[in-house]
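Work through the following exercises with the sequence and the structure side by side, and try each task before you read its solution.

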Amino acid sequence: MVQLDDLDRAILRILKEDARLTISEIAERLKRPESTIHFRIKKLQERNIIDKYTIVLGENLQPKSLAIVYIQAETPIIEDFLERYIRHIMKTLSLLPNVLAVARSGKDGVVALIGEDTPEKLNRFVDETIRVLPTLKRVEVFTLDEFSKGDGLVGFLVGV
């Protein structure tokens, strides 16, 4: 685990809140010299703690209906094909614009975060795009109604 002191954590919290702030503004908020803040940010970047600066898209561009979809593949007769098939499913889903995230889950599973404008469109997408994939054992859809933590994640993941 990476060791961070209180100043590093404070800088990261401020940058996560608004990465557009200047070094002067961060220094003013933390009541530290600009040179110290500049040095610390540079070190955080060199240590790969800060990877890049990005934006989180606002509600107008975010999908209104979200679901986590679990997909379990049927184990083929030749088990070596399972790995290739799972990778194929992951790559296929990753290319679709309303699939916000894709991850492997166990030996034969894939989890995807899906977003659409309405619940009806989301269900149609799952039915017409995911459930029609060959040799699936199970497809489960978990709709997301409310976030208590991580609500900015969708704005970060959504494409334009």
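**Exercise 1.** With which residue does R29 form a salt bridge, and how far apart are the closest N and O atoms?

*Solution.* Keep in mind from the start that this is a predicted model. Begin at the side chain of R29 and look for a carboxyl oxygen of Asp or Glu within 4 Å, since that is the cut-off for a salt bridge. The partner is E17, and the closest N and O atoms of the pair are 3.6 Å apart. Next, place both residues in the chain: R29 belongs to helix α2 (residues 23–30) and E17 to helix α1, so that the pair links distant parts of the chain, twelve residues apart. Finally, consider how far each residue is open to the outside: R29 has a relative accessible area of 45% and is partly exposed, while E17, at 62% relative accessibility, counts as exposed. Exposed is the right word for E17 because the class begins over 50%.

**Exercise 2.** Find the residue that forms a salt bridge with D8, and decide whether D8 is buried or exposed.

*Solution.* The partner of D8 is R40, with 2.9 Å between the closest N and O atoms. This pair, too, links distant parts of the chain, for D8 sits in helix α1 and R40 in helix α3 (residues 34–46), 32 residues apart. To settle the second part, compare the relative accessibility of D8, which is 6%, with the limit for buried residues, which is under 20%; D8 therefore counts as buried. A further step shows that the pair is part of a network of salt bridges, which links D5, D8 and R40.

Now look at I11, which is also found in helix α1. I11 has a relative accessible area of 0% and is buried. Although I11 and R40 are 29 residues apart in sequence, their C-alpha atoms are 8.4 Å apart in space.

**Exercise 3.** How many salt bridges does the count give, and how exposed are the two partners in the pair of K121 and D117?

*Solution.* The count comes to eleven salt bridges. In one of them the side chains of K121 and D117 meet, at 3.7 Å from N to O. Side chains of opposite charge can pair when their charged atoms come close. For the accessibility, take the partners one at a time: K121 has 35% and counts as partly exposed, and D117, at 46%, also counts as partly exposed.

**Exercise 4.** Describe the largest pocket by its volume, its lining and the elements that contribute to that lining.

*Solution.* Start with the volume, which is about 720 Å³. The pocket is lined by 19 residues, of which L15, K16, A19, T54 and V56 are the closest to its centre. Two or more residues of the lining are given by each of the elements α1 (6–17) and α6, and the largest share, four residues, comes from α1. Sorted by class, the lining has ten nonpolar, three polar and six charged residues.

The second largest pocket can be treated in the same way, beginning with its volume of about 340 Å³. Among the residues that line this second pocket are E59, K64, L144, F147 and V154. Its lining divides into five nonpolar, two polar and five charged residues.

**Exercise 5.** Which residues make a nonpolar surface patch of about 280 Å²?

*Solution.* The patch is made by V56, L153 and F156. Take L153 as an example: L153 is found in helix α6 (residues 152–157), and its relative accessible area of 42% makes it partly exposed. V56 should be familiar from the previous exercise, where it was named among the residues closest to the centre of the largest pocket.

**Exercise 6.** What is the phi of K31 and of T135, and where does each residue lie?

*Solution.* Most residues other than glycine have a negative phi. The phi of K31, however, is positive, near 55 degrees, and T135 has a positive phi of about 50 degrees although it is not a glycine. K31 lies in the loop between α2 and α3, where its relative accessibility of 71% makes it count as exposed. T135 lies in the loop between α5 (119–130) and β4 (136–144).

Note on methods: Residues are numbered from 1 along each chain as its sequence is written. This is a predicted model: local features need pLDDT of at least 70, side-chain atom pairs count only at pLDDT 80 or more; totals for chains, interfaces and linings use all residues. Side-chain values use heavy atoms; hydrogens and water are left out. Patches are made of residues with over 30% relative accessible area and no salt bridge: like charges are joined within 9 Å, nonpolar side chains (Val, Leu, Ile, Met, Phe, Trp, Tyr) within 5 Å. Accessible areas come from the Shrake-Rupley method with a 1.4 Å probe; for residues, only the protein chains shown count as cover. Buried means under 20% relative accessible area, exposed over 50%, partly exposed in between (1.4 Å probe, protein chains only). On a 1 Å grid over the protein atoms alone, a cavity is a set of points where a 1.4 Å probe fits but cannot get out, and a pocket is an open set with protein on both sides within 12 Å along at least five of seven lines; lining residues have an atom within 4 Å of a point. Grid points are joined across faces, edges and corners, and a volume is the space filled by probe spheres set on the points. Ala, Val, Leu, Ile, Met, Phe, Trp, Tyr, Cys and Pro count as nonpolar, Asp, Glu, Lys and Arg as charged, and the others, Gly among them, as polar.
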